[in-house]
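Visitor: Hey, I've got this one open on my screen. Mind walking me through it?

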Amino acid sequence: MATKKAASIKKSPKKAGARKSTTRKAAKRTPPELAEYRRKRDFSKTSEPEGGATTSGAKALRFVIQKHAASSLHFDLRLELDGAMKSWAVPKGPSLDPVVKRLAMQVEDHPIEYNAFEGIIPAGEYGGGTVMLWDRGTYTFWQRDPDPVARLREGYAKGDFKFVLKGKRLQGSWVLVRIKRGRPVKPQWLLIKHADEFARSGYDIVAQEQTSVATDRTMAAIAAGKSLNVTR
Ligand code: MN
């Protein structure tokens, strides 16, 4: 036993050295867009990802909506742009009804790896509470364009951010309109569904869809279960 253990200890520095040269140490570098995200969290306590990937590796840009039972229940809309997930807390969640405008409070950019997170942020930590993957998929500019990413970037900067979602629960054309620049606090926006074939007036999708799009779990089941990294 003792010799076996010693042998494995001997081996490990060699292994670590080999690993260092072949893989990138993502967690060491803090991209400026993730500085606030990391500052707010203690990764020795929360199982949320530290992040560090600059792209999801996929061609299409990703979006995710997480239902988050923190001090108050809300839905976090995250849209991939320039290597991070631009993020908004939407207290009432999205509505498919084009006459409904939903307040969306911008929060700090999140890492792309956050798209796979479902589980529990420990009580007392930043955002403590249960997180459900409520919807996810890809998104793009709302019109055909030779450079859709440039158009998305412009829309975001202008505060007139138009896009099309291809999720499991949300599809079609949407807009985020910035209503308050928000200094020193973060900007406030409105999330609005455009009138198209995916709009449904009077339909409360947030009330209808109560389970995880990734694991089928309810908020109660997630709260009683394990934190997961659900990539598919
Ligand atoms: Mn949140």
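Guide: Sure. One term before we start: two residues are in contact if their C-beta atoms, placed from the backbone, lie within 7 Å. Also, keep in mind that this is a predicted model.

Visitor: OK, so which residues does phenylalanine 163 touch, leaving out those up to four places away in sequence?

Guide: Phenylalanine 163 touches Leu79, Tyr139, Thr140, Phe141, Trp142, Leu152 and Trp174.

Visitor: And what about the largest nonpolar core, how many residues are in there?

Guide: That core has 39 residues. Phe163 is among those with the most contacts inside it, along with Leu77, Ala104 and Leu191.

Visitor: Which elements give two or more residues to this core?

Guide: Strands do: β1 (61–69), β2 (73–81), β3 (84–90), β5 (117–121), β6 (129–141), β7 (160–167), β8 (171–180) and β9 (188–193). The largest share, six residues, comes from β6.

Visitor: Tell me about β6 then. How does β6 pair with β1?

Guide: Antiparallel, over nine bridges. In that part of the sheet, glutamine 66 stands opposite leucine 133 in β6.

Visitor: How many bridges join β6 to β7?

Guide: Five, and those two strands also run antiparallel. Glycine 137 stands opposite glycine 167 in β7.

Visitor: And how many join β5 to β6?

Guide: Three bridges, again with the strands antiparallel. Here you can look for isoleucine 121, which stands opposite glycine 129 in β6.

Visitor: Changing topic: where is valine 230 found?

Guide: Valine 230 is in the segment after β10, and β10 covers 228–229.

Visitor: Why does valine 230 count as partly exposed?

Guide: Because valine 230 has 15 C-beta neighbours inside 10 Å. A residue needs 20 or more to be buried, and 12 or fewer makes it exposed, so 15 lands in between.

Visitor: What does valine 230 touch, again skipping residues up to four places away?

Guide: Ala116, Glu118, Leu133, Ala214 and Thr215. Leu133 came up earlier as the β6 residue opposite glutamine 66.

Visitor: How far is valine 230 from glutamate 113?

Guide: They are 117 residues apart in sequence and 10.0 Å apart in space, C-alpha to C-alpha.

Visitor: Back to the whole chain. How many helices and strands?

Guide: Five helices and 10 strands. Buried residues make up 29% of the 232 residues.

Visitor: Last one: what share of the contacts with a separation of 6 or more comes from residues 24 or more positions apart?

Guide: They account for 61% of those contacts in the chain.

Key. Residues numbered from 1 in each chain as written. Predicted model: local features only at pLDDT ≥ 70, side-chain atom pairs only at ≥ 80, totals over all residues. Helix = DSSP H or I, 4+ residues; strand = E, 2+ residues; numbered from the N terminus. Core = buried A, V, L, I, M, F, W, Y, C linked by C-beta atoms within 7 Å. Pairing = 2+ DSSP bridges.
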